Amino acid sequence: MAKYSNRLYLIFTLFVFALIFTWSIAGCGGEEETDKEKEPDKEVEKEEPKEDKDVNLDAIECHFCGAEEDHEYDVLSRPILVTYGNSSDERPHSGISEACVVYELRVEGSHTRLLALFNKDVPGDIGNVRSARLDFITLALENDSYYVHVGGHQAALNEINRIGLSSLNEFRHAGFWRSDDRGAPYNVYTEISQLVDSADSRGYSEDGEREGLLDFRDEESMSNSSEEVSEVQINYGSNFNVINYEYQEDEGVYLRKVDNEPHLDREHDQEVKASNIIIQYANSRTIDDEGRRDIDLVGNGEGMYISKGEMIPITWEKECEEAKTKFYDENGDEINLYPGQTWINVVEEDKVTVE
Ligand SMILES: [Zn+2]
């Protein structure tokens with residue numbers, strides 16, 4: 001009987017302690033804390049059907065694409081910039097849909113090359129890889145990335161040597177192979193993990209100095225003064241390599257088309273989708289008999305930022321080769337990206353139409 005009453009006493013004591021504990025939490029500002037804890041749960045339940053509002057800015061791990069901590073790929077300690085060919089013989093591409101950022105630059109005539117920045121350990125083939133140009137070095141410098149290419153224009157190769165760029169060149173370094181399904185020079189492929197190993201064996205710095213591309217936002221709307229834009233067309237010069245970005249409202253992304261064909265990634269079996277499109281107006285000129293162009297990437301100019309069905313006019317500024325290109329809205333504030341892939345199309349002003 002004594003044993004039984006001892007146990008009752010113990011239960012009663014625990015009950016009293018539990019009451020005091022609960023009361024003390026609420027009394028120490030716990031109310032606020034409890035509210036905070038409950039609030040997100042409610043929100044998650046409410047917002048679940050609209051996936052893209054669930055951006056947790058604090059959880060972003062890759063500051064080039066806004067991927068959160070639990071993303072399926074590991075984030076690299078230094079990004080990798082890969083030179084992709086972009087003629088009709090070189091599409092579909094491999095790996096490009098999983099890049100964080102892709103730059104498109106005119107190289108000669110209507111032809112462009114794509115500079116894809118990978119800051120994630122994306123598995124599978126990457127390519128096809130093409131040669132270096134001076135303008136591409138500027139982009140590698142501003143992102144403090146490894147620069148991946150197959151040889152290059154002599155002026156570019158000289159510059160890579162002169163400045164000691166962390167170059168990974170198929171002609172000289174490990175980590176590349178040539179496929180049988182396409183003829184040279186369209187058949188050079190690589191893989192992110194092999195490039196990281198190759199860079200390591202070269203003794204290049206393992207850590208990138210740049211924190212990311214731009215800051216990110218968690219709201220869909222970018223500004224009160226934006227204009228609705230469901231389609232962007234870029235004509236790089238003549239009747240081929242005409243780019244269309246078409247807005248898909250259900251996914252909140254722009255599907256990219258080249259010459260009216262979906263831009264495909266055969267490695268990941270999906271279409272290329274842009275969360276953000278930055279149109280950067282820049283002048284360029286022919287610099288040799290081969291028609292190679294030199295683009296004014298250092299300096300300043302105008303452009304457009306398009307995301308989530310909206311467009312705002314922007315300005316850009318880049319102080320020197322190594323400096324980051326900064327993009328500003330009409331108030332002079334740096335623009336904030338929505339998480340996902342960003343395309344930066346560098347082009348002359350008269351080549352773009354939006355509707
Ligand atoms: Zn990323």
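This report describes Arg217 and the strand pairings around β21 in a predicted model.

## Arg217 and its surroundings

Arg217 lies in the loop that runs between α4 (192–202) and β9 (227–228). Arg217 counts as partly exposed because 18 C-beta neighbours fall inside 10 Å, whereas a buried residue would need 20 or more.

Apart from neighbours within four places in sequence, the contacts of Arg217 are Met222, Asn336 and Tyr338. Pro339 is 122 residues away from Arg217 in sequence, yet their C-alpha atoms are 7.6 Å apart in space.

## From the loop to β21

The loop that holds Arg217 is followed by β9 (227–228). Strand β9 pairs with β21 (residues 310–318) in the antiparallel sense, over two bridges. Within this pairing, Glu227 has Met311 of β21 as its bridge partner.

## The β20–β21 hairpin

Strand β20 (residues 299–307) is also antiparallel to β21, and nine bridges join the two. Gly303 stands opposite Ile314 of β21.

Two residues separate the strands of this hairpin, and Lys308 adopts a positive phi near 55° there.

## Pairing of β21 with β22

Strand β22 (residues 326–328) runs antiparallel to β21 and is joined to β21 by three bridges. Here Trp316 has Phe327 in β22 as its bridge partner.

Strand β21 thus appears in each pairing described: with β9 over two bridges, with β20 over nine and with β22 over three. As a general point, side chains in a regular strand alternate between the two faces of the sheet.

Technical notes. Residues numbered from 1 in each chain as written. Predicted model: local features only at pLDDT ≥ 70, side-chain atom pairs only at ≥ 80, totals over all residues. Helix = DSSP H or I, 4+ residues; strand = E, 2+ residues; numbered from the N terminus. Buried ≥ 20, exposed ≤ 12 C-beta atoms within 10 Å, placed from the backbone. Contact = placed C-beta atoms within 7 Å. Pairing = 2+ DSSP bridges.
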